Amino acid sequence: MPRVMDAFRVEHWRRPHVVVAMGKGGVGKTTVSLRLGLEAAKQGMRVLVASLDPAGHLLEYLGLPGPLREQEVYPGLRAVQYSIEPLAKKVAEEYAVLLRRLAPGLDALGGGDVLRAIREAPGFEEEVFLRVLEGLYQRSDVDLVVVDMPPTGVALRVVALPRLHLFWSQRLREIRERIVSIKYAIANALGRRGELHDPVLSKLEEIEERNRRLHEELTRPERTSFMAVATPEPLPVYEVRVIAEKLRELGTMLEAIVANRVLMERAGSLGLEKVEEEALRRLRELRCSQEPPAGLAVIAHAPRPPSRIEDVEALEDYIVSVERGPCT
Ligand SMILES: Nc1ncnc2c1ncn2[C@@H]1O[C@H](COP(=O)(O)OP(=O)(O)O)[C@@H](O)[C@H]1O
Ligand SMILES: [Mg+2]
């Protein structure tokens, strides 16, 4: 029986390993993430499936008691649905404290205004998702974390964010270093004792280090595997291409592609034969464009949409094939 897991280079994984699941909304990211988690748990791994997808589908799927309430849903398999609201509040408050320290003039504004400005700043949501991801990398009680990401656009911005932060914190640190050294030289020239320790500089160094680490974790295949899920249709397949391009630009690649809800013989009777064929051909092409080539798992369209963990288990009979290794 082929398994979704076989599409990955599990033998290179270092624990705890993180699989980042991406793809267009509705293609089966949550289902496939659970399927992968289930297979890994059956292999004796301690697995956590964490959904960051605001759709929150995981809750109904597993009958979880609510967001942020992690629970074992199968022996060896835990699951949690993240809710962004409480975390966003916490992160915004942290930034407000930092901002007030860096720019005391902001006190003229009401505390609520500062918080609102932070919450509505572009990229803030991505920052919150990144915090969640960072926390997941620190889980030492599991061997594998499967992260069910929000839809493609947001997901890609989240994984690119550490590099962006790194760029800006480096530039800001250079500027701050110049300021500190000029202050020091002036103090010395005036016969006072100069101060080389600078709290702003320390904070910038901390931010830089943190994002360097995160970027490294995300782009090291031993630590992070990227999986793209698509149904055999033009738009979802196009998104896989966008994901592959972004990952290449970040210095990493897709490790696995999953073609989900493939109609197979039934495609013909629906007049979708050509569309499906073309989509699978493109996914294969994308698999072979990765270095090393990605794995490709094909899952057929089940007659009943999976909606419980038992259905995910029963999906076994619908995993049609897994292609891996060199392309000829
Ligand atoms: N292989 C499959 N066969 C039939 N239905 C599927 C299959 N995979 C997923 N589904 C159904 O498709 C819908 C979307 O799946 P879901 O995993 O929630 O997608 P996403 O997380 O990408 O939004 C759900 O109703 C799910 O039950
Ligand atoms: Mg989902």
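In this predicted model, Arg261 belongs to strand S7, and although Arg261 is not a glycine, its backbone adopts a positive phi of about 60°. Strand S7, which spans residues 254-262, also takes part in the surroundings of ligand 1, since it is listed with helix H1 (29-42) and strand S8 (295-300) among the elements that each supply at least two residues of the shell around that ligand.

The backbone holds two further features of note, both at prolines. The peptide bond that leads from Arg15 to Pro16 is cis, with omega near -5°, and Pro16 is placed in the segment that precedes strand S1 (17-22). A cis peptide bond is likewise found from Glu291 to Pro292, here with omega near 0°. Pro292 falls in the loop that runs between helix H10 (273-289) and strand S8, and strand S8 in turn contributes at least two residues to the shell around ligand 1.

Ligand 1 sits in the second largest pocket of the protein. The shell around ligand 1 consists of 17 residues, of which Lys29, Thr30, Thr31, His57 and Pro306 come nearest. Helix H1 provides the largest share of this shell, with 3 residues. By class, the residues of the shell divide into 7 nonpolar, 7 polar and 3 charged.

Polar contacts to ligand 1 involve both side-chain and backbone atoms of the protein. On the side-chain part, a polar atom of His57 lies 2.5 Å from an oxygen atom of the ligand. On the backbone part, a polar atom of Val27 is 3.2 Å from an oxygen atom of ligand 1, while a polar backbone atom of Ala300 is 3.1 Å from a nitrogen atom of ligand 1. Taken alone, ligand 1 would expose 560 Å², and of that area 87% is buried by the protein.

The largest pocket, in contrast to the one that holds ligand 1, ranks above it in size and encloses about 990 Å³ of space. Its lining is made up of 30 residues, and those closest to the centre of the pocket are Tyr95, Leu98, Glu127, His165 and Ile207. Four helices, namely H3 (84-102), H5 (124-137), H6 (152-189) and H7 (199-219), each supply at least two residues of this lining. Helix H7 accounts for the largest share, which amounts to 8 residues. When the lining of the largest pocket is divided by class, 18 residues are nonpolar, 4 are polar and 8 are charged.

Methods. Residues are numbered from 1 along each chain as its sequence is written. Chains are lettered from A and ligands numbered from 1 in the order in which they are written. This is a predicted model: local features need pLDDT of at least 70, side-chain atom pairs count only at pLDDT 80 or more; totals for chains, interfaces and linings use all residues. Side-chain values use heavy atoms; hydrogens and water are left out. A residue is near a molecule or strand if one of its heavy atoms lies within 4 Å of it. A polar contact is a pair of N or O atoms within 3.5 Å; within protein, one must be able to donate a hydrogen and the other to accept it, and residues adjacent in sequence count only if both atoms are side-chain atoms. Accessible areas come from the Shrake-Rupley method with a 1.4 Å probe; for residues, only the protein chains shown count as cover. On a 1 Å grid over the protein atoms alone, a cavity is a set of points where a 1.4 Å probe fits but cannot get out, and a pocket is an open set with protein on both sides within 12 Å along at least five of seven lines; lining residues have an atom within 4 Å of a point. A molecule sits in a cavity or pocket if more than half of its atoms lie within 2 Å of its grid points. Ala, Val, Leu, Ile, Met, Phe, Trp, Tyr, Cys and Pro count as nonpolar, Asp, Glu, Lys and Arg as charged, and the others, Gly among them, as polar. Grid points are joined across faces, edges and corners, and a volume is the space filled by probe spheres set on the points.
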